[in-house]
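Colleague: I have not seen this model before. Please choose one part of it and go through that part closely, after a short account of the whole.

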Amino acid sequence: MSVQQVIVTMDQLNGAYSEMIQAGEEKQQVIIKNDIQALTQIMTRETRLLKQIAEYDAEREEAMQAFLREKGIRSKLQLTITEMTRLVFEPEEKQSLIDAQKRLTETLVALKNINQINKELIDQSLAFIDYSLNLVVSRPEDDMLYKNPAQQKTTGGNNRGFFDARA
């Protein structure tokens with residue numbers, strides 16, 4: 001019975017991670033559109049999903065410990081699903097556990113890929129913002145030309161940016 005509980009909690013985890021994938025896909029579009037309000041809503045939804053995932057994971061760990069106790073193993077070690085499959089002797093349960101592990105692994109790989117794409121989109125957005133700020137705040141182009149250090153003025157007022165100039 002404990003194996004079935006582990007499989008159920010793994011399926012619940014898989015469902016929650018699938019919802020995270022949906023949120024990640026929505027986040028891609030929102031980042032591209034630069035819609036901050038929608039991004040905030042998605043991040044709030046992701047926070048709730050992460051709390052739910054933590055609860056499901058705790059239930060999975062509890063079910064795995066119950067399985068160990070059922071088998072007569074008194075260990076506080078955190079078993080992986082692969083290690084657990086070695087302790088399951090019923091072929092149907094073993095196959096169900098392996099299938100649940102495979103589904104969860106595939107979902108996590110997909111989520112990792114979406115998160116990587118979102119990270120790159122955010123990095124590009126930040127690089128563009130940085131570039132834009134540098135254009136607005138940077139020195140005039142005359143300061144970019146080479147000048148003989150002996151002939152340069154040593155006044156500190158030449159370092160003014162666009163926003164530092166007097167009106």
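Modeller: Read along the sequence, the protein chain follows the pattern α-α-α-α. In numbers, that comes to four helices and zero strands, where helices are DSSP runs of H or I with at least four residues, strands are DSSP runs of E with at least two, and numbering starts from the N terminus. The model is predicted, so local features need pLDDT of at least 70 and side-chain atom pairs count only at pLDDT 80 or more, while totals for chains, interfaces and linings use all residues. Residues are numbered from 1 along each chain as its sequence is written, and side-chain values use heavy atoms, with hydrogens and water left out.

Some totals for the chain come before the close look. Of the 167 residues in the protein chain, 26% are buried; buried means under 20% relative accessible area, exposed means over 50%, and partly exposed lies in between, with a 1.4 Å probe and protein chains only. The accessible surface of the chain is about 12300 Å², and carbon and sulfur atoms account for 54% of that surface. These areas come from the Shrake-Rupley method with a 1.4 Å probe, and for residues only the protein chains shown count as cover. A contact here means heavy atoms within 4.5 Å. Among contacts between residues at least 6 apart in sequence, 63% join residues at least 24 apart.

The part I choose is helix α1, which spans residues 2-33. Its place begins with the largest nonpolar core, a group of 23 residues in which Val-6, Met-10, Met-84 and Leu-97 have the most contacts. Such a core is a set of buried Ala, Val, Leu, Ile, Met, Phe, Trp, Tyr and Cys residues joined through side-chain atoms within 4.5 Å. Two or more residues of this core come from each of α1 (2-33), α2 (36-70), α3 (81-87) and α4 (91-137). The greatest share is that of α1, with nine residues. Apart from this core lies another, of seven residues, among them Ala-38, Leu-39, Ile-42 and Leu-121.

Next come single residues. Leaving aside neighbours within four places in sequence, Val-6 is in contact with Arg-60, Ala-63, Met-64, Ile-81, Met-84 and Leu-97. Thr-9 also belongs to helix α1 and counts as buried because its relative accessibility is 0%. With neighbours within four places again left out, Thr-9 is in contact with Tyr-56, Glu-59 and Arg-60. Further along α1 is Asn-14, which is buried because its relative accessible area is 13%. Not counting residues up to four places away, Asn-14 touches Arg-103, Leu-104 and Thr-107.

How does α1 pack against α4? Their axes are 9 Å apart and the angle between them is about 20°, so α1 is roughly parallel to α4. Axes are lines fitted to C-alpha atoms, for helices over the stretch in contact, and angles run from 0 to 180 degrees between N-to-C directions. Angles under 35 degrees count as roughly parallel, over 145 as roughly antiparallel, 65 to 115 as roughly perpendicular, and the rest as oblique. The crossing of α1 and α4 is left-handed, a term used if the near helix is turned anticlockwise from the far one by less than a right angle; clockwise would be right-handed.

Against α2, α1 packs at an angle of about 165°, with the axes 9 Å apart, so α1 is roughly antiparallel to α2. The crossing of α1 and α2 is left-handed. One pair of residues adds detail: the C-alpha atoms of Tyr-17 and Leu-50, 33 residues apart along the chain, are separated by 8.8 Å. Leu-50 is in helix α2 and counts as partly exposed because its relative accessibility is 48%.

Between α1 and α2 is a loop that holds Asn-34. Most residues other than glycine have a negative phi. Asn-34, not a glycine, has a positive phi of about 65°. Asn-34 counts as exposed because its relative accessibility is 57%.

Last is a residue outside α1. Thr-85 is found in helix α3 and counts as buried because its relative accessibility is 8%. With neighbours within four places left out, Thr-85 is in contact with Lys-94, Leu-97 and Ile-98. The C-alpha atoms of Thr-85 and Leu-97 are 7.0 Å apart, with these positions twelve residues apart along the chain as the separation. Leu-97 is also one of the contacts of Val-6.
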